[in-house]
Structures are given as C-alpha cells and as structure tokens.
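Here are my notes on the model you asked me to look through, set out as numbered points. Please keep the structure open beside you while reading them.

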Amino acid sequence: MKKLILFVAVCILFGAGNVMAQQNKNKTEVTKFLGIPVDGTKSQMIQKIKAKGFSYNQKQDRLKGKFNGRDVYVSVVTNKNKVWRIVVQDVVPSSETNIKIRFNELCRQFAENEKYLPQNLTGNYEIESDEDISYNITVRNKRYEAGYFQMTEKDKEFLQDTTALMNAVKPIIQSKYTEEELDNPTEEITQDVYNIAADYLFENLYEKVKNRSVWFLINEFYGDYSIIMYYDNELNKARGEDL
C-alpha cells in the first residue's frame with residue numbers, strides 16, 4: 001500500500017508538473033514582478049520598478065526597460081487605487097516565424113523555472129512549427145496563450161515532502177480498495193489511485209495559488225506580432241462589487 005502511494009506521489013510531484021502547495025500557509029502571498037509584490041499604490045509600484053533600472057514616461061503612462069533580454073514597455077493597472085496587474089509588452093514586434101520561436105522559448109523557460117506551475121495538467125503550450133498562426137488568429141480568432149501559477153519558497157519546500165500526500169489520500173484509497181487489491185494492483189487500480197492523488201493535489205493547489213497568476217499571449221497588430229505578459233494579483237482584481 002505504502003509503495004503504491006509513494007509511487008503515485010513521486011509520479012505526480014516530479015512527473016506531472018510539481019503540483020502541490022502547502023496548506024493553510026502563504027494565504028497573503030501575492031504575485032511578484034521582478035521580485036516586487038504586485039500590490040500597493042500605482043505611484044509606489046512605479047517607483048519600485050524605476051529602481052530596477054526602468055524609465056517612466058508620464059505622458060504615455062508606462063515604463064520602459066530591459067526584461068528577460070528584451071526591450072519592453074511596462075504598464076501598471078489598478079483597481080480602487082490598488083495595483084492588481086502588471087502588463088509587459090515587447091517594444092519591437094516580431095515576424096510570424098520569430099514569434100512562434102519566442103513563444104515556445106518562453107514556454108520552455110517557464111517549464112524549467114521552479115517558481116512556476118502550469119495552469120493546465122500537461123503544462124504543454126508550445127506551438128507546432130508548421131502551424132499557421134496568422135490564419136488561426138485573423139480567421140479563426142484563436143488565442144495563443146500560456147498560463148502559470150507562481151510558487152513561494154514554502155510551497156517549493158513542501159514539494160519534497162511526500163508524507164503529507166500519502167496521509168491525505170490514503171483514507172480515500174482504502175475506502176475504495178482492499179489491502180489485497182492494493183498489494184497487487186491492476187493497471188486500472190493504479191491509474192485510479194493516480195487520479196485520486198492528482199485530483200486531491202489540484203483541488204488543494206488551486207485554492208493556494210489561484211491568486212498568483214502569470215500568463216502571456218501572442219498579440220497581432222496589422223501583421224506584426226508581439227508577446228504580452230500579465231502578472232496578476234487576483235486579490236486586488238475587481239469582482240463585480242460595483243455592478
């Protein structure tokens with residue numbers, strides 16, 4: 001029984017995207033941009049980003065600087081005088097071919113960065129090399145985007161502890177299967193145990209990291225393409241309270 005649970009834990013934690021967050025902690029942690037919490041007032045955020053080497057254009061109401069090897073514009077978006085989103089956009093647009101390369105490169109960078117978890121189970125957002133994104137965007141209105149959740153240090157530390165997972169899912173699994181079945185599991189039982197553990201992880205994960213969203217998409221404008229990235233603090237987002 002323990003071997004089966006441990007096997008499932010290892011598969012999920014290290015093979016399916018490291019999808020677990022520490023329970024009952026980090027509830028006030030928010031998304032960070034350049035290490036700066038996406039929170040506070042707009043003027044405070046602008047000053048903090050300027051301290052990172054960005055310049056601010058008051059007329060355009062945006063900053064400009066280097067980010068991840070690119071020249072970018074950075075905009076600060078607020079709700080009720082609280083920052084809830086940072087928008088990062090390429091200064092220099094790309095061709096269709098180059099934007100696919102850039103998009104896929106960003107996907108790989110996020111996948112390899114231990115601070116992030118994909119917002120889908122597979123974590124695969126990459127675009128096929130032969131895909132006609134121009135046609136899909138302009139004719140089919142397709143959106144090319146990838147989404148991730150930001151992890152805290154405590155979240156990452158917890159990923160190494162499989163005991164919590166085993167203790168949590170063991171009663172669920174034992175209520176469905178006998179010890180004999182679990183000692184000699186069929187393929188169907190093994191898959192079901194995996195699914196039970198995965199469902200548990202995602203349910204608990206979502207509640208802990210849902211407010212720390214980082215995502216990006218391909219933006220097309222008259223044949224030019226650029227990447228727009230969003231660092232969202234969902235805690236400060238409008239939720240219809242003014243309707």
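1. Before the sheet is described, one term has to be settled: two strands are said to pair if DSSP finds at least two bridges between them. As background, strands of a sheet pair through backbone hydrogen bonds, either parallel or antiparallel. Please also bear in mind throughout that this is a predicted model.

2. With that term in hand, the sheet can be read off: 8 strands form an open sheet, in the order β3-β4-β5-β6-β10-β9-β8-β7, and the pairing is antiparallel. The edges are taken by β3 (55–57) and β7 (116–118), each of which pairs on one side only. From one strand to the next, the twist averages 30 degrees.

3. For the chain as a whole, there are 8 helices and 10 strands. The chain has 243 residues, of which 43% count as buried. Its accessible surface comes to about 13800 Å², and 47% of that surface belongs to carbon and sulfur atoms. If one takes the contacts between residues at least 6 apart in sequence, 66% of them join residues at least 24 apart.

4. Moving along the sheet, β4 and β5 pair in the antiparallel sense over 5 bridges, and K64 has Y73 in β5 as its bridge partner. The hairpin of these strands, β4 and β5, has 2 residues between the strands, and in this hairpin N68 takes a positive phi near 55 degrees.

5. The next pair is β5 and β6, which run antiparallel and are joined by 8 bridges. Within this pair T78 stands opposite V83 in β6, while the bridge partner of N79 in β6 is K82. The hairpin of β5 and β6 also deserves a look: there are 2 residues between the strands, and K80 takes a positive phi near 55 degrees.

6. How many of the 9 residues of β6 are buried? The count is 7 of the 9, so β6 is largely enclosed by the rest of the structure. On the way to the other part of the sheet, β6 pairs with β10 in the antiparallel sense over 5 bridges, and here V88 stands opposite M229 in β10.

7. At the β7 edge, 3 bridges join β7 to β8 (residues 145–150), and these strands run antiparallel. Here L117 stands opposite F149 in β8. Turning to the helices, α2 (residues 42–50) packs on the sheet and touches β3, β4 (62–67), β5 (70–79) and β6 (82–90), with its direction making about 160 degrees with that of β5. Helix α3 packs on the sheet as well, touching β5, β6, β7, β8, β9 (212–221) and β10 (224–233), and its direction makes about 25 degrees with that of β10.

8. The length of α3 can be checked with a little arithmetic. At 1.5 Å a residue, the 17 residues of α3 (residues 96–112) should span 24 Å, and the end C-alpha atoms are 25 Å apart, which agrees. The expected figure is 1.5 Å times one less than the number of residues, because that is how the expected span of a helix is defined.

9. Which residues of α3 are buried? They are I99, K100, R102, F103, N104, L106, C107 and F110. When you look at how they are spaced, it helps to recall that an α-helix has 3.6 residues a turn, so residues three or four places apart point the same way.

10. One of these buried residues, R102, is worth following further, and its place is in helix α3. Is R102 buried or exposed? R102 has a relative accessible area of 8%, and therefore counts as buried, since the cut-off for buried is under 20%. Leaving aside residues up to four places away in sequence, R102 touches R70, D90 and I227.

11. A second residue to examine is N136, which lies in helix α4 (residues 133–138). N136 has a relative accessible area of 7% and is therefore buried. Its side chain makes polar contacts with two side chains: that of E131, at 3.1 Å, and that of Y144, at 2.8 Å. Not counting residues up to four places away in sequence, N136 touches E131, N141, K142 and Y144.

Terms used:
Residues are numbered from 1 along each chain as its sequence is written. This is a predicted model: local features need pLDDT of at least 70, side-chain atom pairs count only at pLDDT 80 or more; totals for chains, interfaces and linings use all residues. Side-chain values use heavy atoms; hydrogens and water are left out. Helices (H or I, at least four residues) and strands (E, at least two) are DSSP runs, numbered from the N terminus. Buried means under 20% relative accessible area, exposed over 50%, partly exposed in between (1.4 Å probe, protein chains only). Axes are lines fitted to C-alpha atoms, for helices over the stretch in contact, and angles run from 0 to 180 degrees between N-to-C directions. Contact means heavy atoms within 4.5 Å. A polar contact is a pair of N or O atoms within 3.5 Å; within protein, one must be able to donate a hydrogen and the other to accept it, and residues adjacent in sequence count only if both atoms are side-chain atoms. Accessible areas come from the Shrake-Rupley method with a 1.4 Å probe; for residues, only the protein chains shown count as cover.
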